[in-house]
Amino acid sequence: MDNKKILSLFLGLISLGAMAQETAENEVPAKPEIKLSYLDSLKSTFVKYETSACIDEMWMKELSNQDLFTDMESDLAKVNIDQEVAYDLPTDLLKDRLKRLDEKSPFNIEYNQGLENIIKSFLKNRPKAFERMMAISEYYFPMFEEKLAKYNIPLEVKYLAVVESALNPKAKSRVGATGLWQFMYATGKQYNLEVNSYVDERSDPMKATEAACQYLSTMYGIFGDWDLVLASYNTGPGNVAKAIRRSGGMTNYWNIRKFMHKETQGYLPAFLATMYIYEYRKEHGIVPKRAPMTYFETDTLMVKQKMSFKQLSDLLDIPVEQLRLLNPIYKLDVVPYVTDKPHYIRLPKQKAGMFVSNEDKIYAYVQYEEGKREKPFTSPNIRKDAIAQRTTKRDSLAVANVEDLPMKSVKKTRIKYYTVKRGDNLSEISSKNNVTVAELKKWNKLKKNTVNAGQKLKIEFETNVMVADRSAAKKKTAEPKMAEPKIIEPKATENDLYVVQKGDNLTAIAEKNKVTIDQLKEWNNIENSEIKIGQKLTVQAPAEETAPVAVVEKEVKKEIINRDSSKERNYNKERMYIVQKGDSLFSIAKKHPGITVAEIKKWNNIDNENIKPGMKLKING
């Protein structure tokens, strides 16, 4: 019997616990709805696609790294093919491999001591650089081969871009040659490559490759020899023709090489050495990492409005760095819109599909962003009025002008960028800029102490700026002549700013600060009711009010003298109402029974519904 009682008691306790838990769960308050921004609201309506494989951050840095080009340019400038190099590559084996290359190539690939020296130099000194360039080439080579085949140019010419730019579309030489194929400005113009403030088509992989193919095809029509064509690409057809004349009419590159410029003397050997290393990379243990995105996984779209990379990044959830990589043609991270010349944006295929499916919404957002920009000849009165209202009492006749405010010096944090040069390290950079290594690593999210040439580092610094001292202006504001009213303290943060909290909306904020939603929208230039957590809203000081009621009424006696009558003086009593925040003519009339909006307009000579806090209105009757 005792056991049954204990069991019943135990089951009863469990039931009570379950009921208590259920009650507690039912009493959990619902989470407040978070207001979405216009951007988030718009994106929530997008037609979705599966997330595409975006290029990771490390790979994007590799594809746009400047140090490979810098090293390649330096090596070509000081190459000495007559200097022997100690490297374990038997000459007989090299001769056999070069012979096999020659059999399947239209270039004259014949063994000589100079070519052996430069091949061994590259293998000894630059194996890691070739590993990196081979990985990058997986992105560019399919594009090159497509264009080369179109113009019937040997596919081996793709290695020329490795020698020219180390496959960096933003590469710029000391003499101004730019892009994968290193076009000078005048040559680029000759082959219809546009260069202006927004666009440099020498950096467009497709257009520059097309222009390079046209140039090479033209040179082959002149010389009929691919070795001389490559020499002319480096030094120009005129200098090649001079070398032929100085040699007595010889036309083999190796026979006229000594009559060319020093850089051109090492140019073709560097090209052939690069070809050899690419073709025999496995035999030399050079293993590139595969590119996570290839040329065939991207697509191009024509844009119909000017838009920035930042807008595309926000809308399509694609990093700005990836947009720069895929669209090196745009110098200012902006895709321009020109009426008579279309411009295109290259995107990963899934993102391109998302763009097409949501094109109208994307352009609507771009127009919305454009509408927020300050336009020329905009009147500053709105901004000045807002400042004046924050620095004066509501019933004061004096209006503070921002230009008349005293100035004070305050400290502001600014950001500058430092481009890493060859030989730089974090210690030297920190000394140059009067900061610590720890600060540099923190600002740039660096985990290691190594930096690469061409990398941009963010550096924060403090500077003094002059700003208007509104606190001093408040002290100088004239006091009203009427009795001192009780002033309601605002519930905003200092400097009349309210920081939006989780769960806030305009209605709640307006109630907290005794203002209206329309006023919040006007002060903060908000077109709709969307706000974000952490957003700072301007909240002006609420209108003064006397205790215990908000309406301030006083009787003003007006003497009316009737000179044609012996009657006693009569006084007409007029009640005055001071407009409060949130008031309208309708609400004021409602506060005074028997008074209509039309009568208030008539008594105060008001033609419209516009009234402002602090305005005094006659209320007769």
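In this predicted model, the largest nonpolar core holds 73 residues, and the members that touch the most others are Leu 167, Trp 181, Phe 271 and Tyr 276. A second core, separate from it and made of 25 residues, includes Leu 42, Leu 312, Ile 329 and Ile 345. The points below turn to two further places, the surroundings of Trp 254 and the two sides of helix 25.

**Trp 254 and its contacts**

- Trp 254 lies in helix 13, which spans residues 253–256.
- Because its relative accessibility is 23%, Trp 254 counts as partly exposed, buried being reserved for residues under 20%.
- Leaving aside residues up to four places away in sequence, Trp 254 is in contact with Asn 108, Asn 112, Pro 269 and Leu 272.
- One of these partners, Asn 112, is separated from Trp 254 by 142 residues in sequence, while the C-alpha to C-alpha distance between the two is 9.6 Å.

**Helix 25 and its two sides**

- Helix 25 covers residues 517–524, and its buried residues are Gln 519, Leu 520, Trp 523 and Asn 524.
- These four residues lie on the same side of helix 25, because the arc they cover around the axis is only 115°.
- In general, an α-helix has 3.6 residues a turn, so residues three or four places apart point the same way.
- Asp 518 and Glu 522, by contrast, are exposed and sit on the other side of helix 25.
- Just after the end of helix 25 comes Asn 525, which takes a positive phi of about 55°.

Conventions
Residues numbered from 1 in each chain as written. Predicted model: local features only at pLDDT ≥ 70, side-chain atom pairs only at ≥ 80, totals over all residues. Heavy atoms only, no water. Buried < 20%, exposed > 50% of the residue type's maximum accessible area, 1.4 Å probe, protein only. Arc of directions from axis to C-beta. Contact = heavy atoms within 4.5 Å. Core = buried A, V, L, I, M, F, W, Y, C linked by side-chain atoms within 4.5 Å.
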